[in-house]
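Dear colleague,

I am handing over the structure we spoke about, and below it you will find an account of what turned up when I went through it. Please read the text with the structure open beside you.

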Amino acid sequence: MITMKDIIKEGHPTLRMVAKEVTLPISSEEKQLGEDMLQFLKNSQDPEIAEEYSLRAGVGLAAPQLDISKRMIAVHIPGIEEGTDEPIISTVMVNPKIISHSVQSACLTEGEGCLSVDREVPGYVPRHSRITLTYFDLTGEAHKIRLKNYPAIVIQHEIDHINGIMFYDHINQEQPFKIDDDVKIIS
Ligand code: NI
């Protein structure tokens, strides 16, 4: 099982590399990796397991954060509307690719955090508010989905990881909370 000791931290060179495409068919090792990544996120959101293993809660994880430079990400976003147990999205994406996006930008009111960053980095992180992406799941099936707002932002954060980009690269250095008037702020 993946725990915090498996997650590399900012300053590690792998986090700045452009990760390699996964060649299809997906190998059994890659399948296992994807399953372990998704399980980590579920564990990290389970209060008892998280406490037992000292896991920091996360909604997304990218393979490079485990020092594996491959284009694989996992996301597990719990349902936040009306107490539903159904996650909004819970999947592993292999070779995810944003094929189109809105002109409209959006950012989270509380900024962003990262399991590879053990400090608060305040500031708005402008991203596309809507994206269309393609990816393969762990069975090798191709998908094309549209996402908006929070899930779209999480996916963009994770896709950044497979391109060697950290969330704070997007923050205005001089004025972290200065953004254009047309950027939607999501709470
Ligand atoms: Ni991150």
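**The pocket and the nickel site**

Helix 3, which covers residues 149-161, gives the most to the lining of the largest pocket, contributing six residues. Please keep in mind throughout that this is a predicted model. The largest pocket has a volume of about 580 Å³, and 29 residues line it, with Gly111, Glu112, Gly113, Cys114 and Tyr150 lying nearest its centre. Sorted by class, that lining consists of twelve nonpolar, ten polar and seven charged residues.

Which protein atoms serve as donors of the nickel ion? They are SG of Cys114, NE2 of His157 and NE2 of His161, and they lie 2.1 to 2.3 Å from the ion. Along the chain, the donors follow the spacing C-x42-H-x3-H. Cys114 sits in the loop between strand 4 (105-108) and strand 5 (127-128), whereas His157 belongs to helix 3, so this pair ties together parts of the chain that are 43 residues apart in sequence. Both Cys114 and His157 are buried. Cys114 thus appears twice in this account, as one of the residues nearest the centre of the largest pocket and as a donor of the nickel ion.

**Salt bridges**

The structure holds eight salt bridges, and I describe some of them here.

Glu112, which is also among the residues nearest the centre of the largest pocket, meets Arg127 in a salt bridge through their side chains, at 2.8 Å from N to O. This pair links distant parts of the chain, given that Glu112 is in the loop between strand 4 and strand 5 while Arg127 is in strand 5, 15 residues apart. Are these two residues buried or exposed? Glu112 has a relative accessible area of 10% and is therefore buried, and Arg127, at 5% relative accessibility, counts as buried too.

Arg127 also forms a salt bridge with Asp160, and here the closest N and O atoms are 3.0 Å apart. Asp160 lies in helix 3 and Arg127 in strand 5, so the pair ties together parts that are 33 residues apart in sequence. Asp160 is buried, as is Arg127.

Another salt bridge joins Arg119 to Glu10, with 2.7 Å between the closest N and O atoms. Arg119 lies in the loop between strand 4 and strand 5, and Glu10 in the segment before helix 1 (28-45), so this pair ties together parts that are 109 residues apart in sequence. Arg119 counts as partly exposed because its relative accessibility is 44%, and Glu10 counts as partly exposed because its relative accessibility is 26%.

Finally for this section, Lys9, Arg56 and Asp118 are linked in a network of salt bridges.

**Three further residues**

Lys70 is found in the loop between strand 1 (60-62) and strand 2 (72-77), and its relative accessibility of 28% is why it counts as partly exposed. Although Lys70 and Ala19 are 51 residues apart along the chain, their C-alpha atoms are separated by 4.8 Å. Leaving aside residues up to four places away in sequence, Lys70 touches Ala19, Lys20, Val22, Glu30, Ala63, Pro64 and Ile162.

Thr134 lies in strand 6, which runs over residues 130-136, and at 23% relative accessibility this residue counts as partly exposed. The C-alpha atoms of Thr134 and Lys144 are separated by 4.4 Å, with the two residues ten places apart along the chain. Not counting residues up to four places away in sequence, the contacts of Thr134 are Asn95, Pro96, Lys97, Ile99, His143 and Lys144.

Thr3, which lies in the segment before helix 1, has a relative accessible area of 15%; buried means under 20%, so Thr3 is buried. When residues up to four places away in sequence are not counted, Thr3 touches Phe40 and Leu55.

With best regards

Technical notes:
Residues are numbered from 1 along each chain as its sequence is written. This is a predicted model: local features need pLDDT of at least 70, side-chain atom pairs count only at pLDDT 80 or more; totals for chains, interfaces and linings use all residues. Side-chain values use heavy atoms; hydrogens and water are left out. On a 1 Å grid over the protein atoms alone, a cavity is a set of points where a 1.4 Å probe fits but cannot get out, and a pocket is an open set with protein on both sides within 12 Å along at least five of seven lines; lining residues have an atom within 4 Å of a point. Grid points are joined across faces, edges and corners, and a volume is the space filled by probe spheres set on the points. Helices (H or I, at least four residues) and strands (E, at least two) are DSSP runs, numbered from the N terminus. Ala, Val, Leu, Ile, Met, Phe, Trp, Tyr, Cys and Pro count as nonpolar, Asp, Glu, Lys and Arg as charged, and the others, Gly among them, as polar. Donors are N, O and S atoms within 2.8 Å of the metal (3.2 Å for Na, K and Ca); water is not among the atoms, so sites may look incomplete. Buried means under 20% relative accessible area, exposed over 50%, partly exposed in between (1.4 Å probe, protein chains only). Contact means heavy atoms within 4.5 Å. A salt bridge is a side-chain nitrogen of Lys or Arg within 4 Å of a carboxyl oxygen of Asp or Glu.
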